Amino acid sequence: MALAGTPSLKAAGLRHQSGFWTKLYRGYGQETVILCAMIFLLVAVGLYNPRFLSSENLITIFSGNAYIAVAAIGMAMIIITGHIDVSVGALIGVLATISGTLAVSGYPVWVAWLLPVVIGVVINMVIGVLVAYARIPSIVVTLGMLSILRGGLISITGGAWISNLPPAFLLAQQKPLGVPAPIYIMIALSILAAFWMRYSPFGRSLYAIGGNPEAARAVGIPIERRIVSVFMIHGAFAGLATILFATQLQVIQSTVPPNLELTVITAVVIGGVSILGGTGTVIGSTLAAILFATIGSALIFTNVSAYWLRAVIGLLILVTVLADMIRRRRGA
Amino acid sequence: MPQSPLPFVRLAGVSKSFGGIRVLKDVDFDVRPGEVHALLGENGAGKSTLIKIISGLYLPDGGSIEIKGRAASFASTRDATRQGIATVYQELLLFPELTVAENIFLGHYPKRPRGGIDWSQARNEARVLLDSLDCPDLDVDTKIAKLSVAQRQRVEIAKALSHDARVLIMDEPTASLTQADVLRLMDIVRSLRARGVAIIYVSHRMPEIFALADRVTVLRDGALIGTKPIGDLNEESLVAMMVGRSIDQLFPKAEPMIGETILEVEGLSFGKLVKDISFSLRKGEILGIAGLVGSGRTELALTLFGITPAAAGMIRLNGKPVTIRSPRAARDFGIAYVPEDRGLQGLVKSMSIAQNISMASLDRLTRGILIRFAKEAARATEAVKRLGVRARGGIHQPVGELSGGNQQKVVIAKWLETSPAILILDEPTRGVDVGAKAEIHAMMGELAQKGLAIIMISSELPEVLGMSDRILVMNNGRVIQVFDRSEATPESVGAAMTVAHQTLEAA
Amino acid sequence: MSLRAFLRHETILAILTVIVLTVLAFQSDKFFTVANLLNQGRLISEVGLVAIIMTFVIATGGIDLSVGSIVGLTAILTGVFWQNFGLPLPLAAGMAILAGMVAGFVNGFIIARFGVPPLIATLATLALYRGLAEGISQARSVRGYPDWFYVLGQGDLGGIPTQLWILFAVAIICAVILGLTSWGRTVYAIGSNEIAACFSGLSVDGAKLAIYTASGFAAAVAGVIFVSRVSTTRSDMGTGLELDAITAVVLGGTSIFGGRGTIIGTVLGLILIQGLKNGLSLAGIKGDGTIVLIGVVLIMTILITNIFRRDGTR
């Protein structure tokens with residue numbers, strides 16, 4: 001029976017084969033853009049000031065924001081499921097203080113490293129339960145948690161810095177094979193997470209939950225349990241990020257870099273995760289975090305006042321998102 | 001078709017209440033392997049509750065469920081799925097950003113020996129399933145977002161089959177399909193039946209029911225009216241069962257009083273689906289626009305209404321050329337549009353009936369800058385009465401709680417409040433029960449008699465043929481032919497809708 | 001119907017606020033004095049102005065994270081226009097406020113015309129505007145404003161702090177607009193179902209542009225008041241203001257998804273937060289403990305309201 005509306009055979013043949021490069025672009029468009037931006041910057045600024053490309057500087061670029069990249073992995077998962085966490089900055093501050101205090105008080109180094117991760121998991125478990133079971137929007141829960149952690153941090157530290165950290169504690173300063181540890185950790189975690197998101201049923205279910213929660217429920221995905229799990233995993237990554245953050249210098253400040261959570265969210269979004277949930281990868285966020293460091297360094301080496309870094313990042317987000325919106329409209 | 005007389009699923013004496021309201025009263029129902037069992041009833045009759053009980057979403061308050069002769073009770077939909085019951089809902093439960101294969105196997109992926117997902121096996125099995133449904137053109141790696149409604153539905157069916165479904169429940173499957181896709185779906189249903197799958201087919205569409213069903217069950221007000229073999233029924237007796245009264249004319253058509261030309265459209269173009277459209281409309285006339293889904297009818301309406309303003313061409317109202325750049329402008333010119341998707345485009349579900357009715361005419365209800373709430377309520381009460389909106393909570397009830405037919409009436413009421421000269425109705429009776437449908441048709445006739453010019457977009461050929469004074473057939477963005485009422489027949493209009501499609505296809 | 005009205009978020013919040021304020025009044029006899037209350041009113045005003053307009057923003061289902069940065073930018077620009085450009089102070093402040101409005105308008109434009117989700121758009125402008133403030137000021141601060149300028153931030157009119165009058169007026173006007181006019185209805189419609197609002201002929205883009213511009217304006221005015229109150233300008237002013245404002249709005253019952261919310265709720269939220277901050281500090285509890293408590297109060301209030309709303313709406 002000749003059916004009107006059946007596409008011609010030609011179209012059918014084409015649709016059976018999506019070429020490798022097309023698949024790559026469609027799947028990883030955003031990551032490619034970031035990579036290109038980074039290469040462009042490296043080349044352009046490198047030509048302007050060759051010291052920019054010194055191995056020392058490059059290593060600083062790649063390792064300096066490693067903790068942001070690690071935190072962004074957990075945040076990416078959260079945003080993919082359609083939620084958000086604005087308290088991660090304060091959390092890292094609190095965990096860093098705990099970690100440093102433990103180290104200075106004579107506890108074994110592995111305790112000082114492990115406990116923050118555990119506490120990060122526990123705190124985020126509470127957040128996850130409130131979001132999943134009490135059905136409080138994640139922006140509200142994490143706003144509240146932000147207050148709690150911020151106040152808590154000031155209480156604990158009283159504003160004092162922690163110094164005299166034992167050298168064994170300073171993971172971020174160790175350089176196996178001449179390359180700082182954070183770089184290894186960042187790359188390893190990113191790749192592991194990316195594989196896990198792509199190939200594990202748990203990982204796929206996160207995309208499902210973010211893309212169409214009702215359908216996910218209908219398929220039998222235990223949404224509430226998954227959300228709690230995702231927040232707990234995010235807490236673990238925050239803990240790991242804390243270790244990298246806290247061990248960078250000889251001291252731990254009593255405050256967190258301002259807007260740390262927003263920087264992490266920015267890395268995730270520029271990395272290609274849609275704020276609406278359901279799409280994106282963790283590789284992009286790692287690349288974005290490195291890109292920020294590249295830009296920061298580029299500003300220094302081109303003698304532009306570092307005070308303009310924030311403005312540049314803001315502009316960058318705008319351009320990225322506008323480009324994405326325009327691309328979507330044209331494709332629609 | 002070999003039919004086993006032993007039912008796969010049998011419900012006996014099943015009842016269900018929600019918050020004190022009995023939605024199902026003592027209903028018996030069964031479906032056999034290799035049978036297509038149609039389930040009919042007006043909106044609110046209990047059909048969706050019944051299928052949700054069968055699919056495990058709800059637990060019955062009373063009565064029993066048997067599967068293959070043995071008592072069963074479902075703890076969850078997953079439970080029901082495991083026992084072989086699958087549902088294809090009207091709102092498809094798919095993930096737009098994931099591929100076809102991923103959607104089919106979400107939740108039960110084939111696994112590699114060491115535990116990871118075996119993607120190549122998943123893709124192969126998906127391919128096999130789709131081929132068994134005669135869908136060679138569907139690529140398993142495409143994202144759902146890129147597929148048409150009909151294709152997505154086939155993915156849903158494949159998904160059900162991947163769970164080895166023995167009972168497939170289809171809820172209003174043809175509501176958003178083109179005629180060609182309906183035929184294709186019917187083929188799929190027949191092939192599933194031949195394979196021994198039991199199919200519960202919930203639909204309002206008579207032609208399909210009479211073409212496919214082996215038995216028919218009718219529910220009314222939560223009670224079982226009867227279950228009969230299709231051979232014992234004709235359309236009239238079936239409708240009588242559903243409605244409890246005989247509807248003499250499904251499409252009451254009063255004598256048209258047609259006046260002067262109010263709208264002239266010349267060479268209107270926008271995008272790919274509105275190409276060089278020209279037609280005219282007179283007061284008191286009902287112009288039906290027929291065409292396949294995707295032929296550009298809604299797109300034309302959206303251009304006339306200012307949502308996608310015309311890129312080229314001219315619109316003349318009462319002889320004067322006008323530019324319509326926004327819905328607000330269209331409204332000010334006297335054009336009203338009752339949209340296709342009333343849930344998304346027509347209503348704010350959380351707001352009350354009164355607030356929805358006033359939404360397009362707020363400027364008339366303000367003194368200074370303040371809203372006159374008393375006047376708003378008064379007008380809403382009047383509109384509700386005039387249109388026969390049935391709402392248990394009065395005009396302050398949230399619109400989301402009303403049935404499809406009543407919701408549609410609220411949308412129409414909203415636009416009538418703007419005193420339009422031209423009323424565009426896009427699929428006005430889709431998802432509306434038979435009773436409300438007749439009321440809406442009667443209302444259209446009345447409005448036309450009073451001088452309103454009406455454009456009616458509809459995919460239901462009987463409705464188009466029954467209600468229109470003239471019929472405009474669109475295809476692929478162009479006007480193919482205009483029929484006068486007297487010369488329109490199902491064959492000629494249907495041919496105009498499809499012939500051109502193939503011609504353009506070859507081009 | 002009466003029980004349902006009783007269980008509304010705003011009612012619960014009002015009761016809670018009264019209870020809290022009463023308890024605090026007993027903890028310290030300095031709490032309920034006129035002088036203290038008026039001073040607290042002064043401190044509320046900056047967040048208050050921003051929060052009141054933020055109610056509109058969040059009720060449309062949007063959010064504005066850039067308000068804190070606009071405060072900082074306006075503060076810096078006031079200083080720059082006055083000191084570096086030599087403009088008379090009123091003109092400098094006026095132009096700074098105008099700049100704030102433009103900043104808000106840019107937000108609205110990106111969100112309405114390009115369809116960028118408000119969270120991302122204002123996240124970007126938060127960085128951009130703060131960055132501009134930092135870049136323009138190069139971390140230098142401006143001092144030495146003329147005395148009359150301080151009337152705005154530190155003075156009184158008829159015994160009541162100047163900025164409190166402003167806040168009062170804005171609150172009343174906005175409450176009327178949101179609750180009783182067609183613009184308010186438009187806001188709720190956009191928050192509940194933007195597409196249906198557009199299809200009903202409501203001017204969705206126009207409403208959004210207006211709201212975000214107003215948000216920028218409110219933040220700008222708050223910025224000028226802030227400068228007047230602390231007699232100096234620094235580029236980090238207003239950091240964190242957005243979260244305080246959003247907390248007050250959400251605490252006040254506005255749904256983060258849009259479609260519901262009132263000005264009175266936001267005002268109650270402001271009062272409760274400030275009351276806690278002040279009362280606890282007067283009772284001897286350190287400031288950080290209060291911040292913790294506010295976070296807890298926010299979560300608990302939403303939790304309680306969720307329990308009461310059994311229909312499971314978000």
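In which sense do β13 and β20 of chain B pair, and over how many bridges? Strand β13 (residues 286-290) of chain B and strand β20 (residues 453-457) of chain B run parallel, with four bridges between them. Strands here are DSSP runs of E of at least two residues, helices are runs of H or I of at least four, and both are numbered from the N terminus; pairing takes at least two DSSP bridges between two strands. This is a predicted model, in which local features need pLDDT of at least 70 and side-chain atom pairs count only at pLDDT 80 or more, while totals for chains, interfaces and linings use all residues. Residues are numbered from 1 along each chain as its sequence is written, and chains are lettered from A and ligands numbered from 1 in the order in which they are written.

Back to that pair of strands. I289(B) sits opposite I457(B) of β20(B), and both strands belong to an open sheet of six, ordered β16-β19-β20-β13-β21-β22 (chain B), whose pairing is mixed. At its edges stand β16 (335-338) and β22 (478-484) of chain B; each has a single partner strand, so one side of each has no neighbour in the sheet. From one strand to its neighbour, the average turn in this sheet is 20°, direction ignored. Angles are taken between lines fitted to C-alpha atoms (for helices, over the stretch in contact) and run from 0 to 180 degrees between N-to-C directions. Helix α9(B) packs on the sheet and touches β13, β16, β19 (422-426), β20 and β21 (470-475) of chain B, its direction making about 150° with that of β19(B). A contact means that the C-beta atoms of two residues, placed from the backbone, lie within 7 Å. Helix α15 (residues 434-449) of chain B also lies across β13, β19 and β20 of chain B, at about 150° to β20(B).

Chain B has another open sheet, this one with four strands in the order β12-β11-β14-β15 and antiparallel pairing. Its edge strands, β12 (274-282) and β15 (320-322) of chain B, each pair on one side only, and the twist averages 20° from one strand to the next. Six bridges join β12(B) to strand β11 (residues 261-270) of chain B in the antiparallel sense, with E264(B) opposite S280(B) in β12(B). Helix α9 (residues 297-304) of chain B turns up here too: it packs on this sheet, touching β11 and β12 of chain B, and its direction makes about 70° with that of β12(B).

Then there is strand β7 (residues 167-171) of chain B. Five of its five residues are buried, so the strand is largely enclosed by the rest of the structure. Buried means 20 or more other C-beta atoms within 10 Å of a residue's own, exposed means 12 or fewer, and partly exposed lies in between, with C-beta atoms placed from the backbone. V167(B), I169(B) and D171(B) point one way from β7(B), while L168(B) and M170(B) point the other way. Strand β6 (residues 85-88) of chain B pairs with β7(B) in the parallel sense over four bridges, and A86(B) has L168(B) as its bridge partner. Strand β8 (residues 198-202) of chain B is also parallel to β7(B), over five bridges, and there I169(B) is partnered by I200(B). Helix α6 (residues 179-194) of chain B carries the chain from β7(B) to β8(B) in a right-handed β-α-β crossover; right-handed means that, with the strands pointing away from the viewer, the path from the first strand over the helix to the second runs clockwise.

Chain A is a helical affair, with 14 helices and zero strands. Buried residues account for 49% of its 332 residues. Helix α4 (residues 66-80) and helix α13 (residues 282-301) of chain A have axes that come within 9 Å and cross at roughly 150°. That makes α4(A) roughly antiparallel to α13(A), the term for angles over 145 degrees (under 35 is roughly parallel, 65 to 115 roughly perpendicular and the rest oblique). Residues of α4(A) that meet α13(A) include I68(A), A69(A) and A72(A), and among their counterparts in α13(A) are V282(A) and S285(A).

L53(A) is found in the loop between α2 (20-48) and α3 (55-64) of chain A, and is partly exposed, with 14 other C-beta atoms within 10 Å.
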